Amino acid sequence: MLNQSTAAARTSRVYMRAEDCRLEDLATLCSQTVSLADYPFASDVQKNILIYDCPALLPTLSTPEDRPALMAEWAEAMLTGPGVVVLKGAEPDLGTVDEASALFWGLIEEQNRSGTGGGDHFAKPGANDRLWNSLEKHCLADPANFARYYANPFLAAISEAWLGPHYQITAQLNVVNPGGAAQSPHRDYHLGFQSAAQIERYPRHVQLLSPVLTLQGAIAHVDATVETGPTQLLPFSQAYDAGYLAMNRPDFRAYFVENHVQLPLAKGDMLFFSPALLHAAGTNRSADIRRMVNLFQVSSAYGRAMETVDRTRMVKALYPILRTARKDGSLTETQIANAIAASAEGYSFPTNLDRDPPLGGMAPKTQAALVAEALSADWDAEKLHAALDEQARRKQT
């Protein structure tokens, strides 16, 4: 039987407490300096943030022998390195971005007229315009633009680098208006939305596991100078084990205010970071720039996303676009696969195994596999709709 001192030591190892957080431990981690030599695919390091030149990396990403090495570098950069990377020029088709922006502005105006939506987890009401579940709204309003937008190879590659295959994308649009004050520094989903008292109930290993189940990212829809308040970041803070407990402490917040960094982003640039990285949207000090970014929250197939998304409805809207694109060559097979990954369910469970047994393998066919099969066989939309409805029925209790 364990004596009291052994039991207490074990308990303190497994269950962390907010009162035991030490600012000097975080400061030691954040005093590190990134060496560009450790990240051969990066083109630059600015303020301890790794910069990648996406147009120059396209051949690497397209080469089966080199792609895993680049993805491994991104994974280590976010896990044990600075925790954040910037992908410059990740979306070179700015026309696609502008079309999406026009769509989003329309949806925001409609939302404001109806008095729905809005709100922010970490900022005062009214500071931002929020469009929750921009992924599904985007797909249903303009599936052709959605297909081009989410066919992006860098979004797909870095998602897989951090989470493995069959990830799930959700997205939330955030517009920080002129005069909009900075968010409070925080970590993100899952534990980032809970109080210290709630977080203390989760053992250390869960607090360390949660950040590797999601990837945070964003694409700039406008040129975001530092004046417009791009994301404030604290490199290396993701490595602090007790960060979820410490994020609301006044001393840690003061340290963040004094030591965070910001980088300007050009339209089409993407930013990705571990959800455990302390960060916050910055204050928009510009006179007339509404800083629009589309926030990506990519979830592991083994976790669940923050938002409920009607993926069957999305796939039905998207399928005719993908079928046409496959015939006329306007999207490659890889791009089509990326768009399917952004919209269709890529995981077999939960399901009703009485109705939906794992025939021919360890798991039933996924929605994404069904869509790929339909495209390969050139099914018409009606046939796919019937198959999707039947698959959904089989999953019901």
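**Questions on a predicted fold**

Me: Is Asn 48 buried or exposed?
Reply: This is a predicted model. Asn 48 has a relative accessibility of 17%. The cut-off for burial is under 20%. By that rule, Asn 48 counts as buried.

Me: In which loop is Asn 48 found, and what is its phi?
Reply: Asn 48 is found between strand E1 (44-46) and strand E2 (49-53). The residue is not a glycine, yet its phi is positive. The value for Asn 48 is near 70°.

Me: Where is His 166, and what is its phi?
Reply: His 166 is found in the loop between helix H8 (153-163) and E5. Here too a residue other than glycine takes a positive phi. For His 166 that phi is near 65°.

Me: The peptide bond from Tyr 189 to His 190 is cis; what is its omega, and which loop holds His 190?
Reply: Omega of this cis bond is near 15°. His 190 comes after strand E5 (168-176) and before helix H9 (196-199). So the place of His 190 is the loop between E5 and H9.

Me: Which residue does a cis peptide bond join to Phe 349, and where is that residue?
Reply: Omega of the bond is about 5°. The partner is in the loop between helix H14 (333-343) and helix H15 (367-377). That partner of Phe 349 is Pro 350.

Me: Which strand holds Gln 216, and is the residue buried or exposed?
Reply: Gln 216 is found in strand E6 (residues 214-220). Its relative accessibility is 8%. Burial means under 20%. Therefore Gln 216 in E6 counts as buried.

Me: Which residues does Gln 216 touch, leaving out those up to four places away in sequence?
Reply: Asp 188 is one of them. Leu 271, Phe 272, Phe 273 and Pro 275 also touch Gln 216. The list is completed by Phe 296 and Gln 297.

Me: What distance separates the C-alpha atoms of Gln 216 and Asn 177?
Reply: The two residues are 39 residues apart along the chain. In space, their C-alpha atoms are separated by 22 Å.

Me: How many disulfides are there, and why is Cys 21 not bonded to Cys 30?
Reply: A disulfide needs two cysteine sulfur atoms within 2.5 Å. The closest cysteine sulfur to that of Cys 21 is in Cys 30, 14 Å away, so the gap is too far for a bond. By this rule the disulfide count is zero.

Me: Are Cys 21 and Cys 54 buried or exposed?
Reply: Cys 21 has 6% relative accessibility. Cys 54 has 1%. With the cut-off at under 20%, Cys 21 counts as buried, and Cys 54 also counts as buried.

Me: What is the radius of gyration of the protein chain?
Reply: The chain has 397 residues, so a compact globule would have a value near 21 Å. The C-alpha trace spans about 65 × 65 × 50 Å along its principal axes. The chain agrees with the globule value, with a radius of gyration of 22 Å.

Me: What percentage of contacts with a separation of 6 or more joins residues 24 or more positions apart?
Reply: The protein chain has 16 helices and ten strands. Buried residues make up 50% of the chain. Of the contacts in question, the share from residues 24 or more positions apart is 83%.

Me: How far apart are the centres of the positive and negative side chains?
Reply: The protein chain has 34 positive side chains and 44 negative ones. The centres of these two sets lie apart by 6 Å.

Notes
Residues numbered from 1 in each chain as written. Predicted model: local features only at pLDDT ≥ 70, side-chain atom pairs only at ≥ 80, totals over all residues. Heavy atoms only, no water. Helix = DSSP H or I, 4+ residues; strand = E, 2+ residues; numbered from the N terminus. Rg over C-alpha atoms; globule rule 2.2 N^0.38 Å. Buried < 20%, exposed > 50% of the residue type's maximum accessible area, 1.4 Å probe, protein only. Contact = heavy atoms within 4.5 Å. Lys, Arg positive; Asp, Glu negative; His and termini not counted. Charge placed at Lys NZ, Arg CZ, Asp CG, Glu CD.
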